[in-house]
Amino acid sequence: MDSPRYLLLAVSFLAAVSARAEGQAKPNILLIVSDDQGYADVGFQGCKDIPTPHLDRLAREGLHCTSGYVSHPFCSPTRAGLMTGRYQHRFGHQNNPFYNPNDHKEGLPLSEKLLPEFLGKAGYRTGWIGKWHLGAAPEFRPENRGFAETYGFIGGGHKFLNWKENVKSEYTVPIERNGKPEAVTEHLTTALGKEAADFVKRHRGEPWFLYLAFNAPHQPNEPTEERLERFASIENRTRRAYAAQVSLMDDAIGEALEALRASDQEKDTLVFFFSDNGGPITKNGSSNDPLRGAKGDVYEGGVRVPFVVKWPAKLPSGQTYDLPVSSLDVFATSLAVAGAEMPTDRKYDSVNLIPYLSGEKKEAPHDALFWRRGPSLAVREGDSKLVRQGPNQRALYHLPSDLGEKTDIKADHSDLVTRLAAELEAWDGEMIPPAFPGATAYEKPNPNLKKKPTRQ
Ligand code: CA
């Protein structure tokens with residue numbers, strides 16, 4: 001080999017090694033969302049009776065965000081905020097859409113553009129696996145909102161084992177791959193984990209974005225016999241079945257994460273994990289200890305969730321990050337790592353977390369975080385949280401000393417209450433009324449439905 005050619009090869013090799021060492025130009029993005037998992041129900045949050053080794057490893061190797069929030073205390077609105085990077089109330093998405101493929105009103109308004117559309121344009125292969133819950137009519141479905149590959153179900157929940165397929169019944173519709181029904185022969189959570197692992201391996205070598213949205217451990221609690229047996233020592237039967245569901249999901253997450261490692265993509269993949277809302281403690285057997293409240297509440301128990309971010313190429317590992325972060329931030333963070341510009345045609349509430357999580361920026365990513373559910377409103381600013389349950393029902397909590405929101409300190413801090421109340425009013429004033437009536441016990445019943453809805 002003549003020397004110039006040798007030199008050229010050597011330079012190319014070194015450039016490739018250097019690019020590898022600095023991280024892939026466009027990292028993959030794996031967004032894992034669990035459903036109705038309690039704040040306390042994962043090992044890295046202190047859970048003792050449900051081992052979650054795969055999630056614990058994720059937290060150990062990534063950043064455990066101890067003040068991780070979602071933008072709503074129940075399912076669909078959180079997902080609408082997550083996919084748009086905007087408080088979902090800005091476009092009227094404050095209810096769970098009822099499942100009806102012929103209803104063209106109940107879904108994430110088409111005026112909004114979703115994260116996968118932007119990432120697709122940035123050169124990403126986009127995939128969705130699991131639960132959708134952002135509208136069932138064709139125009140609302142994931143394949144028409146930017147996802148190139150889809151596998152899952154369109155409604156707000158699904159049975160996990162041995163369901164009799166019925167296209168008209170939300171929880172027993174066939175699982176669909178790219179819009180075509182496909183039989184599932186194992187626990188649904190296990191199937192979703194395998195699908196995720198397959199997606200990860202199949203798209204090695206190109207940047208990809210996978211939204212892996214489990215419907216576990218949302219009800220119904222339907223674990224396998226084998227897994228239920230493993231938790232025989234838990235006396236409460238609901239908690240026992242819930243524990244088995246969480247454990248099956250942890251295994252499925254482990255399967256997806258192992259695929260990252262096995263295909264040498266771990267370093268260059270940004271992983272998010274959180275639950276879509278707090279646990280509905282009286283329903284599915286979850287626990288939000290030591291937080292106050294549950295799914296549906298603007299207290300911490302409704303909106304503060306287990307939250308992890310991991311990106312070995314750029315972020316520290318094995319640390320905690322204590323300043324408040326939000327599920328809304330997935331949007332701006334993902335666009336930033338993809339090298340895509342944030343759109344400027346409307347107001348966004350999403351912050352690129354990378355400079356904050358890496359330690360480059362020391363201040364808080366958000367000046368404040370806000371929530372609204374029915375007449376209940378809340379704002380967190382710094383260590384303080386103001387909860388307004390009605391026009392004259394305000395309470396102020398100091399979270400670092402009172403995580404359980406037990407002691408109202410408004411009497412001692414009237415100036416702060418006045419200021420936070422004004423901020424809350426101003427934020428609320430930017431939001432709009434519901435775009436569709438919805439179907440959930442967490443909001444007003446839908447007058448169009450003959451039967452009172454029983455599921456959330
Ligand atoms: Ca949920």
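# A guided tour of the model

Start by selecting Arg388, which stands opposite Arg394 in strand S16. Keep in mind as you look around that this is a predicted model.

**Stop 1: a four-stranded sheet**

Widen the selection to strand S15 (residues 384–390) and strand S16 (393–398). S15 and S16 pair in the antiparallel sense over six bridges. Strands of a sheet pair through backbone hydrogen bonds, either parallel or antiparallel.

Now bring in the neighbours. Four strands form an open sheet here, in the order S13-S14-S15-S16, with antiparallel pairing. Which are the edge strands? They are S13 (369–373) and S16 (393–398), each of which pairs on one side only. Neighbouring strands of this sheet are turned by 10° against each other on average, ignoring direction.

Zoom in on S13 and S14 next. Five bridges join S13 to S14, and these strands run antiparallel. One facing pair to pick out is Leu369 with Arg380 in S14. S13 and S14 form a hairpin with two residues between them. Select Gly374 in the turn, and you will find a positive phi of about 55°. Four of the five residues of S13 are buried, so this strand is largely enclosed by the rest of the structure.

Before moving on, show helix H12 (residues 414–430). H12 lies across S13, S14 (376–381), S15 and S16, and runs at about 120° to S14.

**Stop 2: the largest nonpolar core**

H12 leads straight to the next sight, the largest nonpolar core, to which this helix gives the most, with five residues. The core has 72 residues. Select Leu31, Met83, Phe209, Tyr211 and Phe274, the members that touch the most other members.

What does Leu31 touch? Leaving out residues up to four places away in sequence, Leu31 touches Leu82, Met83, Phe209, Leu210, Tyr211, Leu212, Phe272, Phe274 and Val330. Try showing these side chains together.

Apart from this core lies another one, of 37 residues, including Tyr151, Trp163, Ala259 and Val271. Two of these names will come back at the next stops.

**Stop 3: an enclosed strand**

Tyr151 belongs to strand S5, so select residues 149–153. Are the residues of S5 buried or exposed? Five of the five are buried, so S5 is largely enclosed by the rest of the structure. Glu149, Tyr151 and Phe153 point one way from S5, while Thr150 and Gly152 point the other way.

Add the strands beside it. Strand S4 (residues 125–131) runs parallel to S5, and five bridges join them. Look for Trp128, which stands opposite Thr150 in S5. S5 is also joined to S6 by two bridges, and here the strands run antiparallel. In this pairing, Tyr151 stands opposite Arg177 in S6.

**Stop 4: two helices side by side**

Select helix H5 (residues 188–202) and helix H7 (residues 237–262). They pack at an angle of about 10°, with their axes 8 Å apart. H5 and H7 are therefore roughly parallel to each other.

To see the contact, show Thr189, Thr190, Gly193, Lys194, Ala196, Ala197, Val200 and Lys201 of H5. From H7, add Leu248, Met249, Ala252, Glu255, Ala256, Ala259 and Leu260. Sorted by class, this contact has nine nonpolar, three polar and three charged residues. Ala259 is the other returning name, as one of the residues in the core of 37.

**Stop 5: some backbone curiosities**

Most residues other than glycine have a negative phi, and most peptide bonds are trans. The last selections are places to compare with that pattern.

- Select Asp36, which has a positive phi of about 65° although it is not a glycine. Asp36 lies in the loop between strand S1 (28–34) and helix H2 (53–61). At 1% relative accessibility, Asp36 counts as buried.
- Go on to Asn178, also not a glycine, with a positive phi of about 45°. Asn178 lies in the loop between strand S6 (176–177) and strand S7 (180–181). Its relative accessibility is 45%, so Asn178 counts as partly exposed.
- Find Gln219 and Pro220, joined by a cis peptide bond with omega of about 0°. Pro220 lies in the loop between strand S8 (208–213) and helix H6 (225–230).
- Finish at Asp289 and Pro290, where the peptide bond is cis and omega is about 5°. Pro290 lies in the loop between helix H8 (281–284) and helix H9 (300–303).

How values were computed. Residues are numbered from 1 along each chain as its sequence is written. This is a predicted model: local features need pLDDT of at least 70, side-chain atom pairs count only at pLDDT 80 or more; totals for chains, interfaces and linings use all residues. Side-chain values use heavy atoms; hydrogens and water are left out. Axes are lines fitted to C-alpha atoms, for helices over the stretch in contact, and angles run from 0 to 180 degrees between N-to-C directions. Angles under 35 degrees count as roughly parallel, over 145 as roughly antiparallel, 65 to 115 as roughly perpendicular and the rest as oblique. Contact means heavy atoms within 4.5 Å. Ala, Val, Leu, Ile, Met, Phe, Trp, Tyr, Cys and Pro count as nonpolar, Asp, Glu, Lys and Arg as charged, and the others, Gly among them, as polar. A nonpolar core is a set of buried Ala, Val, Leu, Ile, Met, Phe, Trp, Tyr and Cys residues joined through side-chain atoms within 4.5 Å. Buried means under 20% relative accessible area, exposed over 50%, partly exposed in between (1.4 Å probe, protein chains only). Two strands pair if DSSP finds at least two bridges between them.
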